[in-house]
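Got your viewer open and a hand on the selection box? Let's take a walk around this one, stop by stop.

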Amino acid sequence: MNKFITNFYGHSAVSTAQIAQHMTTNIAKTMGFKEISIVAHDSGRDTDMERWKRIEGFLAPVQGGELAVVQLPSWSGFEFDKVLTEQLKNRVEKVVIFTHDFIPLMFKPNFYLMKYYIELYNQADLVVLPSEKMHKILINFGLKTPVLIQEIWDHTSSITLETKPVFQRKIKFAGGIQRYPFIKNWSSNILLEAYSKGTVEAVGNVEIKGWMYDDQLMRSLNEGGIGLVWTEDDMEDEYFDKAYFQIVNHFKFSTYLAAGLPVIVPKGFAKEAFVQRNGIGFVAGSLEEVVSIVEDMKEEEYERLIENVKDVGALITDGHFTKSLIIEIEKALFLK
């Protein structure tokens, strides 16, 4: 089968969006996909012809085929995503849109694009969405294309962790200080290790670990504690919404698990059931509850969680969930 997957370039090396696309592409390439390299570009000032020519250049290697997976957004604007998808439909039999983020819900000022994205998604043969919650929302806005739900992100790694995390009553959080104000408002005696740039004066016990490359981050997380996935209504981001946080897949969630850490996630989190079903952590309704969970945790309980996380983490670092998703895509499109 001649099959392709788009992969964008041009963002910072620390861009989670770029990291996720590259990781997905690298896994897909082990399953016979060919990469379509897309260079991120502010196409808002392009004429229609300039945009068309640019995309034609990116798609030059695609001379017919059975399948193309378009990872969206490309971060080059809606018109770019639209033309890219339409031109791929003219070249291959089946086109799949793999949603990493959904711009109309992610950014409040871009909600006006909802009807246009729905029209675009309805041109695809299949859409991959991060959660059933998002699927229900998009159905209400007119989505008709068949959908597969991505279970969780993988997090392949260049290193092998030889040790398992040690029982410690500490919380580890990967996220920026400005976006997550609870870091600087932390008032607990439980240590919060924040993997973020910048400095903060906190009421409680906070240690800013700084930004780290992936291998450093994995080793640091692997030392012990529990990984926190969290958001609040008063996040200092005029665009970001708590409701959106709860309907997408979070790369940091899989990063914690890949590093061997159990997790605490908020109630309503898209992958809450995954956490409970696999016995890999806790669900909390407030930061006070998060602190109580860590304070009350027993070493025996932590060790049980670690064993469960070890099994799930082995799948994540092997690319299992992306591979399984690709198999499901092919089955859905090519088996009657």
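Which helices each supply at least two residues of the lining of the largest cavity? Select H1 and helix H13 (320-334), and you have them both. Keep in mind that you are looking at a predicted model.

**Stop 1: the cavity**

With those two helices highlighted, add the full lining as sticks: Ile5, Thr24, Ala28, Phe33, Val69, Phe98, Leu325, Ile326 and Ile329. H13 brings the largest share of that lining, three residues. Colour the sticks by class and you get eight nonpolar residues, one polar and no charged ones. The space inside this largest cavity is about 60 Å³. Counting cavities of 30 Å³ or more turns up one. As for the idea behind the search, rolling a probe the size of a water molecule over the atoms shows where empty space is left.

**Stop 2: the whole chain**

Now zoom out and switch to cartoon. The protein chain has 13 helices and 12 strands. Its radius of gyration is 21 Å, close to the 20 Å that the globule rule gives for 336 residues, so the chain is as compact as a globular protein of that length. Align the view to the principal axes, and the C-alpha atoms fill a box of roughly 60 × 40 × 35 Å.

Turn on the surface next. The accessible surface of the chain is about 15,100 Å², with 49% of it belonging to carbon and sulfur atoms. Of the 336 residues, 53% count as buried. If you like contact maps, take the contacts between residues at least 6 apart in sequence: 67% of them join residues at least 24 apart.

**Stop 3: the largest pocket**

Go to Val14, Ser15, Thr16, Ile19 and Phe251, which lie nearest the centre of the largest pocket. In total, 46 residues line this pocket, and its volume is about 1,600 Å³. To see which elements give two or more residues to the lining, select helix H1 (16-29), helix H7 (214-221) and helix H9 (251-258). H1 gives the most, with eight residues. You have already met H1 at the cavity, where it also supplies at least two lining residues. By class, the pocket lining divides into 22 nonpolar, 18 polar and six charged residues.

**Stop 4: Thr255**

Stay with helix H9 and pick out Thr255, which is found there. Is Thr255 buried or exposed? Buried counts as under 20% relative accessible area, and Thr255 has 6% relative accessibility, so it counts as buried. Show what surrounds it: leaving aside neighbours within four places in sequence, Thr255 is in contact with His155, Leu217, Met218 and Leu221.

**Stop 5: the second largest pocket**

H9 leads on to the last stop, as H9 and helix H12 (299-317) each supply at least two residues of the lining of the second largest pocket. The volume here is about 400 Å³. Centre the view on Leu161, Thr163, Ala258, Gly260 and Lys310, the closest to the pocket's centre among the 21 residues that line it. Which helix gives the most to this lining? Select H12, and you have the answer, with seven residues. Colouring the lining by class one last time gives 10 nonpolar, seven polar and four charged residues.

Terms used
Residues numbered from 1 in each chain as written. Predicted model: local features only at pLDDT ≥ 70, side-chain atom pairs only at ≥ 80, totals over all residues. Heavy atoms only, no water. 1 Å grid on protein atoms, 1.4 Å probe; cavity = no way out; pocket = protein on both sides within 12 Å on 5 of 7 lines; lining within 4 Å. Points joined across faces, edges and corners; volume = space filled by probe spheres on them. Helix = DSSP H or I, 4+ residues; strand = E, 2+ residues; numbered from the N terminus. Nonpolar A, V, L, I, M, F, W, Y, C, P; charged D, E, K, R; others polar. Rg over C-alpha atoms; globule rule 2.2 N^0.38 Å. Buried < 20%, exposed > 50% of the residue type's maximum accessible area, 1.4 Å probe, protein only. Contact = heavy atoms within 4.5 Å. Areas by Shrake-Rupley, 256 points an atom, 1.4 Å probe, with all protein chains shown as cover.
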